Amino acid sequence: MTSTSTPQLMLEPVLDAGQTRDSIGLGHRAQKSLDVRHGTVLTLEDINVSFDGFKALRDLTLYIGVGELRCIIGPNGAGKTTLMDVITGKTRPDSGVAFFGETLDLTKMSEVAIAQSGIGRKFQKPTVFEALSVFENLELAQKTNKSVWASLRAKLTGEQRDRIDEILTTIRLDASRERAAGLLSHGQKQFLEIGMLLIQEPQLLLLDEPVAGMTDAETEFTAELFKSLAGKHSLMVVEHDMGFVGSIADHVTVLHQGHVLAEGSLEHVQANERVIEVYLGR
Amino acid sequence: MTQPLALTAAQKAGPKTTLALIGLVFAVLIAMPVLSLLPADNPLHVSAYTLTLVGKILCYAIMALALDLVWGYAGLLSLGHGLFFALGGYAMGMYLMRQASGDGLPAFMSFLAWNEMPWYWYGTSSFFWSMCLVVLVPGLLAFVFGFFAFRSRIKGVYFSIMTQALTFAGMLLFFRNETGFGGNNGFTGFTTILGYGVATPGTRASLFLATVVLLGASLYLGWRLAQSKFGRILTAVRDAENRLMFCGYDPRGFKLFVWTLSAILCGLAGALYVPQVGIINPSEMAPTQSIEAAVWVALGGRGTLIGPLLGAGLVNGMKSWFTVAFPEYWLFFLGALFIVVTLFLPKGVFGLLKRKEDA
């Protein structure tokens, strides 16, 4: 997860977008809907990132279409997590273009502004608010006004409550709604985090190894869930489990040493000689 | 699904007993100043010593509650809350010094052969302006400090060390005579407040009542905050700040709000402390003072609202008894107490009471 060159406890100050509300930390008002005129939700062109001379990403170019379900695969250290960090604003690229929709320049937005504009991210290690109940976790993630003042006066409307119930059913945690999230099993936490992403209603979901530690049945269910989400949302899934990738992806991108090695259907990619050489072995 | 059932049962029985206990304690606290007005030979008479001691402990309890809001809920361990407490106290002290000196200069300034008051003393003869200072000075300092600290994402032990350094710097500054706050003697020798004698039974009783009201108000405010979505977001800041950011919340604003609020509460507690105890000096800003406040909270149970009040009451109550009975062993005892609580009662004394209630 650590991909910044400074220790985690004292991260560098974020470069703000310069908006007054943002620069004093009051949070953001909900943005207008995303401009996706040309059918691409995410545009990355010639992205370069280096840490102390180590090139984590080299001239990476990647487009993700509206409603697409894209899998990113690649050996360890290929730059998959760095790629997600660049998209979510955690890491600033040294050079390159990163646009969300047609108008939002990701390299100039803060992490919070990016999340507000509609990019949701699931971490490699399931991260939920352990002291809060499953229901409260979803309540916090729900798409709404997330400023300090709004939170002081916030009350759930019937509509919002129904929406949370709906998500609870989708992720099959209806029975544990009042349980503290810290008491859930690993797989349940994964689902809760996916649920938290869904209720945020993002345009683009970034999922870092979503089925790690899940049972076969859970993995199968997740595959179905993702397939049903594609179309409504755009998904970018980083995964090592080739079986899982095969069951969901129509389009696969192979990363190697921070560069796109191959792109296409899974069969096409698996047939590529260079891919076989660096990733699939021998 | 026995778990949710047991939980709801505890939730139903818990608050009732707790509420009844809180009600009882507040009834006693309100009765105390009234009883102190009885003639001295009455068996129910409460002595001025007891009233002052309990009043002082109540001020500390408010400080503990304020510290718990930032530490227990938002996970920001401040080792510098004594500074905000002392600043509120000094603002009140300025008013009391002006009352004592009438139209002239406060005594310590005459000793320094100063001819006029420094600019920041202007307006302090007005009670209203002094009350504004009580809120504004700790509030603004906390706001500015918090703004930069949270913007630079200073967390954990780094944050604690910085707050500790801040209060230490404050102490060194106030120790200097040139700062204009009476140097290491601080302020004392108060005579009147709003024209009433500071040490008369009536004033003592009123100040005590004001402290009880402030404590009640802080408790209610803390409870409302903890119940609100804001409170849940603070818990989320404590447990998984990154996750919260990717949910679209800006943690800085939330931290800054609760941090400033906590400092203001501390300032108010300090302002009520000074006229009751009769002295304020830079030792209130000593790092150990702030660390002790953290011990009260840890001992009582952080992340609960009643815990810190219990902790402040227990430790200070024992302290006043111990320092009379075995003065040289108090610090050893405090250390041992802290170790025992850390090892065996991770949720503090309040956690222990709660567990008994649930069983």
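Start with B:Ser218 in this predicted model. Leaving aside its neighbours within four places in sequence, B:Ser218 is in contact with three residues: B:Ile62, B:Leu65 and B:Leu265. You'll find B:Ser218 in helix H7 of chain B. Is this serine buried or exposed? Its relative accessibility is 2%, so B:Ser218 counts as buried, because anything under 20% falls into that class.

Now follow helix H7, which covers residues 201-227 of chain B, to its meeting with helix H8, residues 229-239. The axes of these two helices come within 4 Å and cross at roughly 75 degrees. Because angles of 65 to 115 degrees get that label, H7(B) is roughly perpendicular to H8(B). On the H7(B) side the contact is made by B:Leu225, B:Ala226 and B:Gln227, while H8(B) brings in B:Lys229, B:Phe230, B:Gly231 and B:Arg232. Sorted by class, the contact of H7(B) with H8(B) has 3 nonpolar, 2 polar and 2 charged residues.

Here's another pair to look at in chain B. Two packed helices are described by the angle between their axes and the distance between the axes. Helix H11 (residues 287-300) of chain B packs against helix H13 (residues 330-344) of chain B with the axes 10 Å apart, at an angle of about 40 degrees. What do we call that arrangement of H11(B) and H13(B)? The two helices are oblique to each other, and the crossing of H11(B) and H13(B) is left-handed. From H11(B), the residues that take part are B:Glu292, B:Val295, B:Ala298 and B:Leu299; from H13(B), they are B:Leu334, B:Leu337, B:Phe338 and B:Val341. Split by class, this contact of H11(B) with H13(B) has 7 nonpolar residues, no polar ones and 1 charged.

Next, hop over to B:Met92, which sits in helix H3 (residues 81-101) of chain B. With a relative accessibility of 3%, B:Met92 counts as buried. Which residues does B:Met92 touch, not counting those up to four places away in sequence? The list is B:Phe127, B:Met131, B:Val134, B:Ile193, B:Ala271 and B:Pro275. For a sense of distance, try B:Met92 and B:Phe159: they are 67 residues apart in sequence, and their C-alpha atoms are 28 Å apart in space.

Loops deserve a visit too. B:Arg153 is in the loop between helix H5 (127-151) and helix H6 (156-175) of chain B. Its phi is near 55 degrees, a positive value in a residue other than glycine. B:Leu194 also isn't a glycine, and it has a positive phi of about 55 degrees. This leucine is in the loop between strand E2 (192-193) and strand E3 (196-197) of chain B. What about their surroundings? B:Arg153 has 12% relative accessibility, so it counts as buried. B:Leu194 comes out at 51%, so it counts as exposed; the cut-off for that label is over 50%.

Time to zoom out to the whole of chain B. This chain contains 14 helices and 4 strands. Along the principal axes, its C-alpha atoms fill a box of roughly 75 × 55 × 40 Å. What radius of gyration would a compact globule with 359 residues have? The expected value is near 21 Å, and chain B has 21 Å, so the two agree. Of those 359 residues, 50% count as buried. Take the contacts in chain B between residues at least 6 apart in sequence: 77% of them join residues at least 24 apart.

And chain A? There you can find 11 helices and 10 strands. Chain A has 282 residues, and buried ones make up 54% of them. Among its contacts between residues at least 6 apart in sequence, 68% join residues at least 24 apart.

For a last stop, pick out A:Leu261 in strand E10 (residues 259-264) of chain A. Not counting residues up to four places away in sequence, A:Leu261 touches A:Val254, A:His256, A:Arg274, A:Val275 and A:Val278. One of these partners, A:Val278, is 17 residues from A:Leu261 along the chain, and the C-alpha atoms of the two are separated by 9.5 Å.

Technical notes: Residues numbered from 1 in each chain as written. Chains lettered and ligands numbered in written order. Predicted model: local features only at pLDDT ≥ 70, side-chain atom pairs only at ≥ 80, totals over all residues. Heavy atoms only, no water. Contact = heavy atoms within 4.5 Å. Buried < 20%, exposed > 50% of the residue type's maximum accessible area, 1.4 Å probe, protein only. Axes fitted to C-alpha atoms, helices over the stretch in contact; angles between N-to-C directions. Parallel < 35°, antiparallel > 145°, perpendicular 65-115°, else oblique. Left-handed = near helix turned anticlockwise from the far one by under 90°. Nonpolar A, V, L, I, M, F, W, Y, C, P; charged D, E, K, R; others polar. Rg over C-alpha atoms; globule rule 2.2 N^0.38 Å.
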